[in-house]
Amino acid sequence: MMHFITYISSIFIVAPFLATWLIYLGAVKLYKQKRRAFFAAVNVSTPFYMIAMLVLLSHLFNINATGMLVIVLLLMLMIILYLQWKYNTEVILGKAFKLLWRICFLLFSFLYLLLILYGLIDRIFFY
């Protein structure tokens, strides 16, 4: 059973789009609402995109970017909290984390696509 869980999590890390799609299908069955299912899929699959991007950076460029990831996440949270304070004069931490999480999904899914395309082009033309 433990091997099965390891294999499934490895597949989700290697192909996070597959994870997002499967989670979305399961959430549609569970919630019966497409919008709520989409947000559930985004929330659950965001760590898969982060880990996949780190693995691709390590594989393509031989760098460990975990520290840089933490710094970027903290800077983004700081900017969100500053803007929230500036425009609303009230800071709601839960709202800031939710916005950060959704921005991370967009950012890391885009970076994942870019790294996949770079890796394919690099292996086809320069290997």
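Colleague: At 34% relative accessibility, what does Leu18 count as?
Modeller: This is a predicted model, where local features need pLDDT of at least 70, side-chain atom pairs count only at pLDDT 80 or more, and totals for chains, interfaces and linings use all residues. Residues are numbered from 1 along each chain as its sequence is written, and side-chain values use heavy atoms, leaving out hydrogens and water. Buried means under 20% relative accessible area, exposed over 50%, and partly exposed in between (1.4 Å probe, Shrake-Rupley method, protein chains only). At 34%, Leu18 therefore counts as partly exposed.

Colleague: Which element gives the most to the nonpolar patch that includes Leu18?
Modeller: A patch joins nonpolar side chains (Val, Leu, Ile, Met, Phe, Trp, Tyr) within 5 Å, from residues with over 30% relative accessible area and no salt bridge (Lys or Arg side-chain nitrogen within 4 Å of an Asp or Glu carboxyl oxygen). This one covers about 1,000 Å², and Met1, Phe4 and Trp21 are among its members. Helix 1 (2-14) and helix 2 (16-31) each give two or more residues; helices are DSSP runs (H or I, at least four residues), numbered from the N terminus. With five residues, the most is given by helix 1.

Colleague: How many residues does helix 3 give to the largest nonpolar core?
Modeller: Such a core is a set of buried Ala, Val, Leu, Ile, Met, Phe, Trp, Tyr and Cys residues joined through side-chain atoms within 4.5 Å. The largest has 22 residues, and Cys104 is one of those that touch the most other members. Helix 3 (34-61), helix 4 (66-88) and helix 5 (93-125) each supply at least two. The most come from helix 3, and their number is nine.

Key
Patch = residues over 30% accessible without salt bridge, like charges linked within 9 Å, V, L, I, M, F, W, Y side chains within 5 Å.
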